[in-house]
Amino acid sequence: MKTKSKAKLIANFDLKIGDDVASLSATVPDQKVTACELIPVYQLLANDIVSHSIVQSAKAGKNISCKAGCSACCTQAVPVSELEALHLAKVVNRMPEHRQKRIRQRFADSQAAIAAAGLTQPMQEIAKLDKKSRNALGVKYYSLKLDCPFLEDKRCSIYSDRPLECREFVVTSDPKHCVELNPQEMTHLDSKLRLTPVLRTQSQDLFGEKSSGWMLLVNCLDWAKTNKTRLKKKPGIFWLQDLIELATNRIG
């Protein structure tokens, strides 16, 4: 069922999450837009899915340990889809000039530290590596102790615009294992549906055969600046339906 409201469409739909079916809704532009303009919609949808999973986890006796002020995961290598990279670049461009300058300098400082460690090329090509090599590179990145450029006073300064990976990276184990980056002891929220890999697939479909679908957040501003791909425009509801179809096929 769809109802119109001021150039917006409210889409109501059921989404299978594990053994449960969640009744969800999303408000999308009632006009032709690029998929990048649907990122805020995807973010809210990811929030709803994670919230549903948290409730189910609590019923199973597993409560999440992530709390405000805990920023251990904010020094890890954060992957973002190409669509999210464009969105984050827009977020930065909308900031007041003095804040933009501060954020861009943090990106530059992080890239300088990565270069000093001889990791620039591997980090740029991380999406092409196998899982074992990616994990090993992630450990090297973590050893540099580089805060996310958006981290301020141990809190995310763009919390409402944070990447899907950040929304879906939820743990039920002791936070000390995150600080120590001890994957053997870390236990994650048992979410039966994650939108992060789904959005990577949608990105890859849009950016062509040379696309890997994602990159590290620390490289997103440079990538967005040099990206020349003209994204096609389609009705907002189309992009939402495409994402849901990709998600359904992934878990089907």
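This report describes two helices of a predicted model and the contact between them.

**The two helices**

Helix 2 covers residues 82–93 and helix 8 covers residues 195–207. The table sets out the length of each helix against its expected span.

| Helix | Number of residues | Expected span | Distance between end C-alpha atoms |
|---|---|---|---|
| Helix 2 | twelve residues | 16 Å | 17 Å |
| Helix 8 | 13 residues | 18 Å | 18 Å |

For helix 2, the distance between the ends agrees with the span expected at 1.5 Å a residue. The corresponding values for helix 8 agree as well.

**Packing and contact**

The axes of helix 2 and helix 8 lie 7 Å apart, and the angle between the packed helices is about 90°. Angles of 65 to 115 degrees count as roughly perpendicular, and helix 2 and helix 8 are therefore roughly perpendicular to each other. From helix 2, the contact involves Glu 82, Leu 83, Glu 84 and Leu 86; from helix 8, Leu 199, Gln 202, Ser 203, Gln 204, Leu 206 and Phe 207 take part. Of the residues in this contact, five are nonpolar, three are polar and two are charged.

**Burial**

Ten of the twelve residues of helix 2 are buried, so this helix is largely enclosed by the rest of the structure. Among them are Glu 82, Leu 83, Glu 84 and Leu 86, which also meet helix 8. Further buried residues of helix 2 include His 87, Val 91 and Val 92.

In helix 8, the buried residues include Leu 195, Thr 196, Pro 197 and Val 198. Leu 199, Gln 202, Ser 203, Leu 206 and Phe 207 are buried too, and these residues belong to the contact with helix 2. After helix 8 comes Gly 208, which has a positive phi near 95°.

Methods
Residues numbered from 1 in each chain as written. Predicted model: local features only at pLDDT ≥ 70, side-chain atom pairs only at ≥ 80, totals over all residues. Heavy atoms only, no water. Axes fitted to C-alpha atoms, helices over the stretch in contact; angles between N-to-C directions. Helix = DSSP H or I, 4+ residues; strand = E, 2+ residues; numbered from the N terminus. Parallel < 35°, antiparallel > 145°, perpendicular 65-115°, else oblique. Contact = heavy atoms within 4.5 Å. Nonpolar A, V, L, I, M, F, W, Y, C, P; charged D, E, K, R; others polar. Expected span 1.5 Å × (residues − 1). Buried < 20%, exposed > 50% of the residue type's maximum accessible area, 1.4 Å probe, protein only.
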